[in-house]
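Q: I am new to this structure and would like to go through it step by step. Could we begin once it is on the screen?

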Amino acid sequence: TGEFGWSANMERIMKAQALRDNSMTTFMVSKKTLEINPKHPIVKELKKKLEGDASDQKTVKDLVWLLFETSLLTSGFSLETPTVFADR
């Protein structure tokens, strides 16, 4: 999250509030930043697969989403659609 954004725990607490206003959900969600190392072998391999065969593009897209959602989970955030994550 950003320097002044909510932590994963604070976001979870605010989502659990019973009397919260649903129009405020966009303000309550913290901005998430995923920093990647372009020199990492996994990122290089994803780029190579993306530039290669067109049939691999769906697989690459699923792998990128899996990478992002896994980083959310390890950072303590919850997923909006955990069933989609489980299907990957």
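Q: Which helices each supply at least two residues of the lining of the largest pocket?
A: In this predicted model, those helices are α1 (8-15) and α4.

Q: And where does the largest share of that lining come from?
A: Helix α4 provides the largest share, with four residues.

Q: How many residues line the largest pocket, and which lie nearest its centre?
A: The lining of the largest pocket has 13 residues. Nearest the centre are Phe68, Leu72, Ser78, Leu79 and Glu80.

Q: How much space lies in the largest pocket?
A: The largest pocket holds about 210 Å³ of space.

Q: By class, what does its lining have?
A: The lining of the largest pocket has six charged residues, five nonpolar ones and two polar ones.

Q: Let us turn to cavities. How many of 30 Å³ or more does a search of the whole structure find?
A: The search finds one cavity of 30 Å³ or more. The volume of the largest cavity is about 30 Å³.

Q: Which residues line the largest cavity?
A: The lining consists of Ala8, Glu11, Arg12, Lys15, Gly76, Phe77 and Ser78. By class, three residues of this lining are charged, two are polar and two are nonpolar. Ser78 is also one of the residues that lie nearest the centre of the largest pocket.

Q: Back to α4, then. How many residues does it have, and what distance does it reach?
A: Helix α4 covers residues 57-74, which is 18 residues. From its first C-alpha to its last it reaches 26 Å, close to the 26 Å expected at 1.5 Å a residue.

Q: Which of its residues are buried?
A: Val60, Glu69 and Leu72 are buried in α4. Seen down the helix axis, the buried residues of α4 fall within an arc of 165°, so they line one face of the helix.

Q: What do those buried residues pack against?
A: The buried residues of α4 pack against two helices, α3 (41-51) and α5 (82-87).

Q: Take valine 60. Why is it counted as buried?
A: Valine 60 is counted as buried because its relative accessible area is 4%, and the cut-off for buried is under 20%.

Q: Which residues is valine 60 in contact with, leaving aside its neighbours within four places in sequence?
A: Valine 60 is in contact with Leu46, Lys49 and Leu50. As for lysine 48, valine 60 is twelve residues away from it in sequence, and the two C-alpha atoms are 9.8 Å apart in space.

Q: What about glutamate 69: buried or exposed?
A: Glutamate 69, which is found in helix α4, counts as buried at 8% relative accessibility. Leaving aside neighbours within four places in sequence, glutamate 69 is in contact with Leu79, Phe85 and Arg88. Of these, Leu79 is among the residues nearest the centre of the largest pocket.

Q: What comes just after α4?
A: Glycine 76 comes just after α4, and it takes a positive phi of about 100°. Gly76 is also one of the residues that line the largest cavity.

Q: Where is serine 75 found?
A: Serine 75 is found in the loop between α4 and α5. At 48% relative accessibility, serine 75 counts as partly exposed. Serine 75 and alanine 8 are 67 residues apart along the chain, while their C-alpha atoms are separated by 7.2 Å.

Q: Changing topic, what about alanine 86: buried or exposed?
A: Alanine 86 has its place in helix α5, and is exposed, with a relative accessible area of 60%. From alanine 86 to leucine 66 the distance is 9.6 Å, C-alpha to C-alpha, and the two are 20 residues apart in sequence.

Q: Finally, the chain as a whole. How many helices and strands does it have?
A: The protein chain has five helices and zero strands. From the N terminus on, its elements run α-α-α-α-α.

Q: What percentage of its residues is buried?
A: Of the 88 residues in the protein chain, 12% are buried. As for contacts with a separation of 6 or more, 36% are accounted for by residues 24 or more positions apart.

Methods:
Residues are numbered from 1 along each chain as its sequence is written. This is a predicted model: local features need pLDDT of at least 70, side-chain atom pairs count only at pLDDT 80 or more; totals for chains, interfaces and linings use all residues. Side-chain values use heavy atoms; hydrogens and water are left out. The expected span of a helix is 1.5 Å times one less than its number of residues. Buried means under 20% relative accessible area, exposed over 50%, partly exposed in between (1.4 Å probe, protein chains only). The arc is that of the directions from the helix axis to the C-beta atoms. Contact means heavy atoms within 4.5 Å. On a 1 Å grid over the protein atoms alone, a cavity is a set of points where a 1.4 Å probe fits but cannot get out, and a pocket is an open set with protein on both sides within 12 Å along at least five of seven lines; lining residues have an atom within 4 Å of a point. Grid points are joined across faces, edges and corners, and a volume is the space filled by probe spheres set on the points. Ala, Val, Leu, Ile, Met, Phe, Trp, Tyr, Cys and Pro count as nonpolar, Asp, Glu, Lys and Arg as charged, and the others, Gly among them, as polar.
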